[in-house]
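Hello,

Here is the structure I promised to pass on to you. Please open it first and have a look around, and then read my notes below.

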Amino acid sequence: EKAKMKIQSDLDDMAVQLDQAQILNSSMEKKAKQFDRIVSEWKSKVDSLGMDLDGSQKETRNASSELFRIKSAYEEAVLQLEEVRRENKTLSNEIKDIMDQISEGGR
């Protein structure tokens with residue numbers, strides 16, 4: 001009878017321990033699901049930021065190409081302007097010489 005009571009007491013203790021283990025297991029599973037959800041949210045954020053980064057890099061490359069094209073066109077325009085100014089100066093000097101000749105011829 002004593003052995004039977006000891007076994008019953010051990011069985012009750014084990015039942016309590018089993019209940020506690022099941023409660024702990026349930027709690028851990030809830031926490032694991034919560035962590036999985038958080039990881040999933042962060043993965044989505046990382047993927048979104050990666051796409052934003054790719055888009056920004058593409059825009060930067062396009063802007064850089066456009067800047068190079070505009071800079072080249074500007075440099076060409078500056079060279080043409082300098083050439084026109086030289087031609088204007090030459091023509092202005094020629095006109096001045098002709099006017100001087102006309103005024104001298106008229107005397």
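**What I found**

Of the 107 residues in the protein, 0% are buried. Please keep in mind that this is a predicted model.

Let's begin with the overall shape. The protein has one helix and zero strands. Its radius of gyration is 45 Å, well over the 13 Å that the globule rule gives for 107 residues, so the protein is more spread out than a compact globule. You can also picture this as a box: along the principal axes, the C-alpha atoms fill roughly 155 × 15 × 10 Å. The accessible surface comes to about 10200 Å², and 59% of it belongs to carbon and sulfur atoms.

To get a feeling for distances, try M51 and E83. In sequence they are 32 residues apart, and in space their C-alpha atoms are 48 Å apart. M51 is located in helix α1. Is M51 buried or exposed? Its relative accessible area is 61%, and the cut-off for exposed is over 50%, so M51 counts as exposed.

Next, the charged side chains. In general, side chains of opposite charge can pair when their charged atoms come close. How many salt bridges are there? The count comes to six, and here are three pairs to look up.

- **D10 and K6.** The closest N and O atoms of this salt bridge are 3.4 Å apart. Both residues lie in helix α1, four residues apart, which is about one turn of the helix. D10 is partly exposed at 30% relative accessibility, whereas K6 is exposed at 51%.
- **K43 and D47.** Here the closest N and O atoms of the salt bridge are 3.2 Å apart. Why are K43 and D47 separated by about one helical turn? Because they are four residues apart in helix α1. K43 has 52% relative accessibility and counts as exposed, while D47, at 39%, counts as partly exposed.
- **E83 and R86.** These side chains meet in a salt bridge with an N to O distance of 2.7 Å. The two residues are three apart in helix α1, so about one helical turn separates them. E83 is partly exposed at 34% relative accessibility, and R86 is partly exposed too, with a relative accessible area of 48%.

Now for the aromatic side of things. How many aromatic pairs does the structure hold? The number is zero. There is still a ring to look at, though: K45 lies over the face of W42, at 4.6 Å from the ring centre.

Finally, please turn the model to I95, I98, M99 and I102. What do these residues form? They make up a nonpolar patch on the surface, and together they have about 410 Å² of accessible area. M99, one of the residues in the patch, lies in helix α1, which covers residues 2–105.

If you would like one picture to take away, start from the one helix and zero strands, add the box of roughly 155 × 15 × 10 Å filled by the C-alpha atoms, and then place the six salt bridges and the nonpolar patch of I95, I98, M99 and I102.

Enjoy exploring, and write back with any questions!

Best wishes

Notes:
Residues are numbered from 1 along each chain as its sequence is written. This is a predicted model: local features need pLDDT of at least 70, side-chain atom pairs count only at pLDDT 80 or more; totals for chains, interfaces and linings use all residues. Side-chain values use heavy atoms; hydrogens and water are left out. Patches are made of residues with over 30% relative accessible area and no salt bridge: like charges are joined within 9 Å, nonpolar side chains (Val, Leu, Ile, Met, Phe, Trp, Tyr) within 5 Å. Accessible areas come from the Shrake-Rupley method with a 1.4 Å probe; for residues, only the protein chains shown count as cover. A salt bridge is a side-chain nitrogen of Lys or Arg within 4 Å of a carboxyl oxygen of Asp or Glu. Rings of Phe, Tyr and Trp (its six-membered ring) pair if their centres lie within 6.5 Å; planes under 30 degrees apart count as stacked, over 60 as edge-to-face and the rest as tilted. A charge sits over a ring if NZ of Lys or CZ of Arg is within 6 Å of the ring centre and within 35 degrees of the ring normal. Buried means under 20% relative accessible area, exposed over 50%, partly exposed in between (1.4 Å probe, protein chains only). The radius of gyration is taken over C-alpha atoms; the globule rule is 2.2 Å times the number of residues to the power 0.38.
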